[in-house]
Amino acid sequence: MMKVIEGYELKRGADIQSLFLKLRSYAMTFPGFISVEHIRSVEGTPIAALLYNWKRREDWEAWKSSKLRQQLLHEAEALLISKPRITIYEVVPTSAWTYTGD
């Protein structure tokens, strides 16, 4: 499984909620989509992010390069200070963890 953090640095007072709802709704229709969460900073620079879970990196890449996603991001440019920052992680199983009580 892949976890993708897509962070947005927002202009002061920008409301990105409707964009995130659209991104979430459309991403759900793509193969390999598992889930997504919306988070936002509570201090400092206004930053909002989508935390995606995808089955495979290829699934994320298909969504990332889709014309639909590109169109939505183009519509949101007036709300953003810079382009979204994307970080991709692979989930690593931790089956060997043991609590030792120390």
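Salt bridges in the predicted model

Glu 6 and Arg 69 form a salt bridge in which the closest N and O atoms are 2.2 Å apart. Glu 6 belongs to strand S1 (residues 2-9) and Arg 69 to helix H3 (residues 67-76), so the pair ties together parts that are 63 residues apart in sequence. The structure here is a predicted model, and the distances and accessibilities are computed from it.

Both partners of this bridge fall under the 20% limit for buried residues. Glu 6 has a relative accessible area of 0%, and Arg 69 has one of 3%.

A search of the whole structure finds 4 salt bridges. The Glu 6 to Arg 69 pair is one of them, and two others involve Arg 56.

Arg 56 forms a salt bridge with Asp 59, with the closest N and O atoms 3.0 Å apart. The side chain of Arg 56 also meets that of Glu 58 in a salt bridge, at 3.8 Å from N to O. Salt bridges with shared partners thus join Arg 56, Glu 58 and Asp 59 into one network.

How buried or exposed are the members of this network? Arg 56 is partly exposed, with a relative accessible area of 45%. Glu 58 is also partly exposed, at 49%, a value under the 50% above which a residue counts as exposed. Asp 59, in contrast, is buried, because its relative accessibility of 7% is under 20%. The network therefore includes a buried residue, Asp 59, together with the partly exposed Arg 56 and Glu 58.

How values were computed: Residues are numbered from 1 along each chain as its sequence is written. This is a predicted model: local features need pLDDT of at least 70, side-chain atom pairs count only at pLDDT 80 or more; totals for chains, interfaces and linings use all residues. Side-chain values use heavy atoms; hydrogens and water are left out. Helices (H or I, at least four residues) and strands (E, at least two) are DSSP runs, numbered from the N terminus. Buried means under 20% relative accessible area, exposed over 50%, partly exposed in between (1.4 Å probe, protein chains only).
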